[in-house]
Amino acid sequence: MIRINCPYCGEREHSEFTYGEDATRTTPDNDAPMEEWNKFVYERDNPAGEHIEYWHHAFGCRAWLKVQRNTFTHDISWVGLPHENPEAES
Amino acid sequence: MSGFRHGEGRLGDATLNFTFDGKPMLARAGDTVASALLANGVEVVGRSFKYHRPRGVTSSGPEETGALVTIGAGGKADPNARATMEPITKGLEVFSQNCFPSPKFDLMSVNGLAGAILPGSLFSAGFYYKTFMWPAALWYKFYEPSIRAAAGMGVPPKVADPDIYDRVQSFCDVAVVGGGSAGLSAALSAAQSGLRVVLFDEHNDLGGQLLNEANSEANADLEQWRADAVAALKAASNVKVLTRTVCWGRFDGNMLAAHESVDGKVRQNYHKVQAKKIIIAAGAIERPLVFGNNDKPNVMLASGARRMLNHYGTATGKTLAVFTNNDSAYQTAFDYADAGIKVSAVVDSRQYPSQALVDGCKSRGITLFTQCVVTEAKGWQAVRSIEIADLAANGQSVSNRRRVSCDVLAHSGGWTPQVQMAAHGGKPPLYDKKIAAFVVGDQAPDTYSVGAAEGENGLLAGVAQALHAAKAACGELGKEAGPIIQPPQDRDGATNIVPLWSVPAKGKQLVDIQHDVTAADVVQSHQEGFISVEHLKRYTTLGMANDQGRTSNVNALAIMAQCRGISIAEAGTTRFRAPLAPVSMGGFGGREIGKHFKPVRRTPMQEWHEKAGAVFVQAGMYLRPQYYPKAGETIDDAYERETEHVRKKVGICDVTSLGKIEIVGPDAAEFLDRVYINMFSTLKVGKARYGVMLREDGIVYDDGTTSRFAEDRFFMTTTTAKAGPVMAYLERCLEIDWPDLKVRVSSVSERWGAMAVAGPDARATLTAAFPSVDFSNEAFPFMGVVHAEHNGAKMVILRISFSGEMAYEVYAESDHATDIWQTIIDAGQVHDIVPYGLETLGALRIEKGHVTGAELDGRVTLGDVHMDGMASKKKWFVGKNLKDREGLVHPDRPQLVGLKSVDPRTPISTGSILVTDANASAGADKQGWVSSMTYSPELGNFIALGFLRGGKDRIGERIYAAYPVKGRTVEVEVVSNHFVDPTNERVKG
């Protein structure tokens, strides 16, 4: 069972959370061309290894969190708020 | 019969009654079903999966492949239970499986013969795949039913299980899997550190292979060591000992999953244990040898036969023979001989067993055959003799066949470490030539494998590994493991095995006894090209079901490796996956079954609805009134009456299930402008507006009404279905996308009870109910919002309509909602107000042409539902960038239309396909579908909403709604989706 260390609540089981989305993407500008939006909405990398993603603590404090998860081992190496980054921690 | 009671073993004195196929039998406390059946002389316990071959007890542990029985009757029946793992309880009912009329005389055993006669064999490797290639028509009529009748095991009970299953979630520092000498030692040592320790063992009695030892004077000190260790662990406050608990999987984050069997009101506990360190001391299990008819009842694993005698006080036969390729099986022969049971032969495939073993046989008068093999077990139903033969030096042929009499054959093909648990968390196991088995390769993090599970069969050597692991595990957690008293005796772990993977022999040679997979099937799999171990498994069904490859995997891999001319290490193993042992579904369900499967939400007015005789329906998680039947009314009568009454006078409907979200802050209007396609910053305080949200890809997400309570305060309603997702979406937008916006959202769905009052008399009703509120069209126009109070209860009243009638939605604080509802009902009496349910709500909205979840199904665009005009051109909003993609604005897209059946009393089924040809076949051009239907009392006609290709321009056309599943085709006329009040005169009046 994956466990996620919520900055607000402490370490909790992943069944309290719902996966949100890839957190490595940058939202295009509002007036960016359709092609750029199309890419943003439909194209995803599928890395084997470290990945940064958003999770929602839906059955806890309801905060949206940024999580660094290894897609290969499911190890979670870092959890932060949506506007933090793992690099800043180390 | 051959088995009988012999000695005491470690059984208790109490006698227990049980039945086998209804026949009364006696057992002793501590017996398993297997030991009790053997003690009662039962040889044939059941029939095999495919060939219906007679099967008996093959072991005394979890590796049981023969004695699979059904335990209990009725809802308590537990099919495919391993008789070796089920303790006898008072009055237990045990049933044989897969045999008719009885295990001894079974009509289906002809399947086994058919395999020898039919070319290709009826049930040989890959039979399922090949059978599918025969004429398809025959499959349904003949093969499928006859194969189903012939193959299979226990029958699942048809009635609900009355027992309770629970789930237990816990944490520990050190988890020890397996309670043999190594596991006991590791747990004892770790426990002294003060850390929390959990010990799992699937048996009732702890001790592992110590329980195979004779409970004799010579072993008294060893038995005392075992008893002391168990007592010390059970007494320690920081140790949890879980017996009869199979630890069947290891998951992310060091979570161990285990099923515990208990006697009592609760039948099983499903444990999820979060461990910091895991010591795997799961032991090893003995492999069978592969020779002719090696599945015959009374062919047993040597260790199993030994434990039956030494632990369960049950001799497995009157004359024992032993067949082995290693040292360990000799002890079975010696213990039987020492217990006074005749041992007719030890057949060893090796040329030179050690002198100690040779002398051991000699001193007991046991005839030893070396460089010799058993080619076939003989006997009609159970073993009565064996055929042995000399094995050529190259192992490829045999000569000098002769008979040896015996009524039980104990065999050993070596030991397989239980590496599954270790493999769940890490790399694949590696082949170890010395013990001719796979051992743990790289350890997973936080994991230690010790003792026989690591390939170390020696007693003291295994204990030393266990203590080492305990020290390391505790040390990494900052604590110190303590010393323990060493076992007073040692047992040499060297088996001196010389692999013997199969014997050149006649008769069926079973590799997977439980699944009826033979050595010939493995060879056939190779011939037909399925040579990788994963393909071999799927093609032959080897290692599936209960066995999970425990007894069968290594032998099969070795035979395949031989066929391919490669080493076993190169052939590798299949991937180990949880569960490694059969576990019941009940444990996973726990108490969340039936009504507790998911929560039921009730509205504040639930009791009122019940008293009014409402029929309820589950809508999302909510229980909602579907209709309120009067005496003798059908559902159709009721909703047609309710619908007609709302259109003529007035009705009231519970709409509490709508999602309600408050949006507050100086940037609240800006926020709504971004999430809705239409403008909300221009909405005046005290007004409501209908809004639509898109997803980023431009598809319609949700709709609802949002009112402005103050400059910085809005009140949003969502559809019932999307209440949760929309809330999470808004939170996401604010926290991730636009953290600069000063806005807070909070769900107030539970705070307000909601009711819709609709109909021409709605205004008069509400005026009478709440005289302090001015409901006149001037003071309270369409889309107006009024805050009010009644008897101290706060209310928000919105003048909005979902029905095409003049209507209001009254939101009242939940605690007072029933009072407010009753007040409206009382005031409406003069207008004969009726409560109406979900059916009428649906009928009214379909007549008006409003969309709901049935239409907004995640595929439709704004244009599809004629709302493209609503999208603001003055601002950006979510979905704006992609909503006008070529495919999303194509004029041929299916668009929302109304449909009227040409014959007014013919219903149009929801889900029908729209076609232009009345006799359309499956390949016809499908032009759309029907999403919602109702009878419209207003029109006196069945009507529907649907999506039709280019529907906007096809009003007046006559087409067909086809429902091929029921063979129904209805001629319909395409009309506007606004059947009623198309110009909004009523709602605004």
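Start by selecting Gly317(B): at 0% relative accessibility, this glycine counts as buried (buried means under 20% relative accessible area, exposed over 50%, and partly exposed in between, with a 1.4 Å probe and protein chains only). Before you go on, note that this is a predicted model, in which local features need pLDDT of at least 70, side-chain atom pairs count only at pLDDT 80 or more, and totals for chains, interfaces and linings use all residues. Residues are numbered from 1 along each chain as its sequence is written, chains are lettered from A and ligands numbered from 1 in the order in which they are written, and side-chain values use heavy atoms, with hydrogens and water left out.

**Around Gly317(B)**

Gly317(B) sits in the loop between strand S17 (314–315) and strand S18 (319–324) of chain B. Helices (H or I, at least four residues) and strands (E, at least two) are DSSP runs, numbered from the N terminus. Now show what touches Gly317(B), leaving aside its neighbours within four places in sequence: you should find Ser2(B), Gly3(B), Phe4(B), Ile341(B), Asp407(B) and Val408(B) in contact (heavy atoms within 4.5 Å). For a sense of scale, draw a C-alpha to C-alpha distance from Gly317(B) to Gly828(B): the two are 88 Å apart in space and 511 residues apart in sequence.

**Helix H7(B)**

Next, select residues 302–310 of chain B, which form helix H7. Nine of its nine residues are buried, among them Arg306(B), Arg307(B) and Asn310(B).

**Salt bridges at the start of chain B**

Move to Arg5(B) and Asp31(B), which form a salt bridge with the closest N and O atoms 2.2 Å apart. The pair links distant parts of the chain, 26 residues apart: Arg5(B) is in strand S1 (residues 4–5), and Asp31(B) is in the loop between strand S3 (23–28) and helix H1 (33–39). A salt bridge here is a side-chain nitrogen of Lys or Arg within 4 Å of a carboxyl oxygen of Asp or Glu; by this rule the count comes to 57 over all chains.

Which partner is buried and which is partly exposed? Asp31(B) is buried, with a relative accessible area of 1%, whereas Arg5(B) is partly exposed at 28%.

Then pick Glu8(B) and Arg28(B), whose side chains meet in a salt bridge at 2.9 Å, N to O. Glu8(B) lies in the loop between S1 and strand S2 (15–20) and Arg28(B) in strand S3, so this pair ties together parts that are 20 residues apart in sequence. Arg28(B) is buried, with a relative accessible area of 16%.

**Further along the chain**

Jump to Asp864(B) and Arg893(B), another salt bridge, with the closest N and O atoms 2.8 Å apart. Both residues are in the loop between helix H23 (838–848) and strand S44 (894–901), 29 residues apart. Asp864(B) and Arg893(B) are both buried. For a network of salt bridges, select Arg647(B), Glu805(B), Glu847(B), Glu938(B) and Arg986(B) together.

**Last stop: strand S47(B)**

Finish with residues 941–949 of chain B, strand S47, where eight of nine residues are buried. S44(B) and S47(B) run antiparallel, joined by seven bridges; strands pair if DSSP finds at least two bridges between them. Look for Pro894(B), whose bridge partner in S47(B) is Arg949(B).

Strand S46 (residues 928–936) also pairs with S47(B) in the antiparallel sense, over eight bridges. Here Ser932(B) has Leu945(B) as its bridge partner. In the hairpin of S46(B) and S47(B), with four residues between the strands, check the backbone of Gly940(B), which takes a positive phi near 60°.
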